[in-house]
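Here are my notes on the model, point by point. Have the coordinates open while you read.

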Amino acid sequence: MAFDIEVIKSVYARMPERVEAARKMLGRPLTLSEKILFNHLWDGAAPANFKRGADYVDFAPDRVAMQDATAQMALLQFMQAGRAKVAVPSTVHCDHLITAQNGADTDLQVANTESKEVYDFLASVSNKYGIGFWKPGAGIIHQVVLENYAFPGGMMIGTDSHTVNAGGLGMVAIGVGGADACDVMAGLPWELKWPKLIGVKLTGKLNGWTAPKDVILKVAGLLTVKGGTGAIVEYFGEGATNMSCTGKGTICNMGAEIGATTSTFGYDDSMARYLSATGRADVAELANQVREHLTADAEVYNNPEAYFDQVIEIDLTTLEPHLNGPFTPDLATPISKMKEMAAEHGWPTRVEVGLIGSCTNSSYEDISRAVSLAKQVADKNLKTKAEFTITPGSEQVRYTIERDGFLEIFDQIGAKVFANACGPCIGMWNRFGAEKQEKNTIVHSFNRNFAKRADGNPNTYAFVGSPELVTALAIAGDLTFNPLTDTLINENGEAVKLDPPTGDELPTKGFAVEDAGYIAPAEDGSGVKVNVSPDSNRLQLLDPFASWEGTDLKGLKLLIKAKGKCTTDHISMAGPWLKFRGHLDNISNNMLIGAVNFFNEKTNEVKNQLTGNYEAVPATQRAYKAAGIGSIVVGDENYGEGSSREHAAMEPRHLGVRAVLVKSFARIHETNLKKQGMLALTFADKADYDKIQENDIIDIIGLTEFAPEKPLQLVLNHDNGTSETITVNHSYNDQQIEWFKEGGALNIIRKSVVA
Ligand code: MIC
Ligand code: SF4
């Protein structure tokens, strides 16, 4: 039986009435996204004609999921909320802290020793507060959620940007910072700007070498890393129903890479099949009863232009396999153009490593299709040219593919199987020789390929493709190999062609697993002790941030004017730093060390205005903090793109940065800044970015009358004695202004506990 079936029943029980009320109020048919949103309005709220992309609305999500690297901070905050138990079903998944090096068993052992303190902390907090705990090795959060918790029509939030993966099962699943998760677990409403809606119509049917991954690689190319900002992407059409549920998951997963709030698909037979195969026939049965509400009204898909803000159409029958990259997931190249593109840009064409798996692409279908290619290596007397690795998404998938002989076939091509964890996808990869920083190419089926992400080497060119294409390119050892047209020379000197991949949507013998890795919490956790040692360098209890002093902020130093792409990886790097995710002071030593300083084009070298010397960013900011001087960070477009990690907002807050002023923000990061009591500001005129000079002293004026939709003024005092005033915008509503004034949202919850 499924977990928390009562929650699912109650969501479905109220759905018909709430959907009808919304339809009546709007006087028009509804998209699926709208149905789910209206059905999850915060208790008692009546539907209203919310303005897309403008109105903040309170929601009541059905569940919360957290992964270990973000759960630490989320739970450190939750511990201060004064609650005995979480208010909605919640889970913790230990997946980000396992370094991939020698293979699953030894790597897992090492992690269990190295991160024991963190795992023990997470296990005991989970046990105490009624949170389901998935131990290290159980799998990657999004795969485990898809297999166990996701359900059509549900709404969940998760402290990871790829929470959106659950859209594959027809959910509205959204990535958030830990402070948002903390609110929902504490029983408070969760706020989101009513999203815009993008419709993607899929016609035709995938065939041959093309996979679901290619749909999202194509969409990313069309919409770019910013194109989905503030929007839910809803996929529909015969192409959607023709596709597996896990394939839909892949597409939704990488919706994070276009900045979309989330992506989703209407309920169909593929979802019912997946639910049944993963032991949840009961959920499928319930969903079948409210089927009409778990997809858009027919008029919407017949005439999408009238209901979506933007509509894209993709014909799956003619869609080509793509490779996206390097260094950004939206640089989309159809495989037939790769020869040209690589030559034009000087991309290294020799593929050193092919990596498949991750939360994005490790379904049974993915692995079975990749294995059909690996099999051809022996059958056609080929030799695999590149290294090859697999990170299964869950123990259930790993166990099943082992049973079905797939791992043995991969073994024959020299593949290494890493633990069921994030591993190389998040820089937890002890790649041999990476420290030499040689220029090289890897191909993987993950979702992100920002510089340094996988192995810490800035000269690694990472390309994202489907597991089947990655496998073919690893066999060929050549980025420009087009398996649709090209041949390979085998060990006998003959030219051979790879047959297109084939596979099974679901295991014919069913899924199996011995120990899935789940630990249920205590019925009554009140007696459970949670220990955090004051000497720990991994965990640190949180001290409340100071509230606003009640005046304008004057005399702020410019800490850094970041140039170009500044993702959360640039602001708070992962990889080696992941181990400090539960220790705010220690992790703050990575603050903005990856951001490029506009004035010298260097990373981690900014002018310390107190000494005039160029120093590391964290050290410079610590010097300002010691001197009691606030500072400001300036950034470019889509600042904070990528991860949900709130450390990217908490570190500057902790070290005394007061405001972040950019051309535009990525959604989760902007909310994280607000939640932590920072000022998140945008240039009213983007050209004003050019007015910011290295030695500026900056005043923020208008805070005593801080109000929604009312711009603030910034006075830039240049070192030649002149000054100029620019206008900056913000998107704070009344509630968020309170967060700022109180010094952070958590201070408000804390107060309510004391009161
Ligand atoms: C990622 O893919 O970047 C991560 C690591 O999963 C992050 C979460 C994190 O930084 O802990 C995400 O996407 O939110
Ligand atoms: Fe883990 Fe990578 Fe998925 Fe993030 S994207 S959850 S790091 S596997």
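1. First, a cysteine: is Cys-182 buried or exposed? Cys-182 is buried, with a relative accessible area of 1%; buried here means under 20% relative accessible area, exposed over 50%, and partly exposed in between (1.4 Å probe, protein chains only). Cys-425 also counts as buried, at 9% relative accessibility.

2. A word on conventions. This is a predicted model, in which local features need pLDDT of at least 70 and side-chain atom pairs count only at pLDDT 80 or more, while totals for chains, interfaces and linings use all residues. Residues are numbered from 1 along each chain as its sequence is written, chains are lettered from A and ligands numbered from 1 in the order in which they are written, and side-chain values use heavy atoms, with hydrogens and water left out.

3. Disulfides are quickly dealt with. With a disulfide taken as a pair of cysteine sulfur atoms within 2.5 Å, the count is zero. Cys-182 has its nearest cysteine sulfur, that of Cys-94, 19 Å away.

4. On to helix 18, residues 467–476 (helices are DSSP runs of H or I with at least four residues, strands are runs of E with at least two, both numbered from the N terminus). Ten of its ten residues are buried, so helix 18 is largely enclosed by the rest of the structure. The buried set includes charged Glu-468 as well as Leu-469, Val-470 and Ile-475. The cover comes from elements including strand 12 (322–324), strand 14 (351–357), helix 15 (364–379), strand 15 (387–391), strand 17 (440–444) and strand 19 (488–489), where contact means heavy atoms within 4.5 Å. Just after helix 18, Gly-477 takes a positive phi of about 70°.

5. Salt bridges next. Taking a salt bridge as a side-chain nitrogen of Lys or Arg within 4 Å of a carboxyl oxygen of Asp or Glu, a search of the whole structure turns up 39. Lys-339 pairs with Asp-486, with the closest N and O atoms 2.8 Å apart. This pair links distant parts of the chain, since Lys-339 sits in helix 14 (residues 338–345) and Asp-486 in the loop between helix 18 and strand 19, 147 residues apart. Lys-339 is partly exposed at 45% relative accessibility, whereas Asp-486 is buried at 18%.

6. Another long-range pair is Asp-404 with Lys-509, at 3.7 Å from N to O. Asp-404 lies in the loop between helix 16 (395–403) and helix 17 (406–412) and Lys-509 in the loop between strand 20 (495–496) and strand 21 (518–519), so the salt bridge ties together parts that are 105 residues apart in sequence. Lys-509 is exposed, with a relative accessible area of 60%.

7. Have a look at Arg-453 and Asp-569 too. Their closest N and O atoms are 3.5 Å apart, in a salt bridge. Arg-453 is in the loop between strand 17 and strand 18 (460–464), and Asp-569 is in helix 19 (residues 568–571), 116 residues apart. Both residues of this pair are buried. Elsewhere, Glu-20, Arg-23, Lys-35 and Asp-297 are joined into one network by salt bridges that share partners.

8. How many residues of strand 2 (residues 63–67) are buried? Five of its five are, so to speak of a mostly covered strand is fair. In a regular strand the side chains alternate between the two faces of the sheet. In strand 2 both faces are covered, with Arg-63, Ala-65 and Gln-67 buried on one side and Val-64 and Met-66 on the other.

9. Strand 2 has parallel neighbours; two strands pair if DSSP finds at least two bridges between them. Three bridges join strand 2 to strand 5 (residues 155–158), with Val-64 partnered by Ile-157. Four bridges join strand 2 to strand 3 (residues 90–93), where Met-66 has Val-92 as its bridge partner. Strand 2, helix 3 (residues 68–78) and strand 3 make a right-handed β-α-β unit; right-handed means that, with the strands pointing away from the viewer, the path from the first strand over the helix to the second runs clockwise.

10. Finally, the open sheet of four strands, ordered 10-9-8-11 with parallel pairing. Its edges are strand 10 (262–265) and strand 11 (310–315), each pairing on one side only. The twist averages 20° from one strand to the next, with axes fitted as lines to C-alpha atoms (for helices over the stretch in contact) and angles running from 0 to 180 degrees between N-to-C directions. Strand 9 (residues 231–236) and strand 10 are joined by four bridges, and Ile-232 stands opposite Thr-262. Helix 2 (residues 32–39) lies across strand 8 (196–203), strand 9 and strand 10, at about 125° to strand 9. Helix 10 (residues 245–253) also packs on the sheet, touching strand 9 and strand 10, and its direction makes about 160° with that of strand 10.
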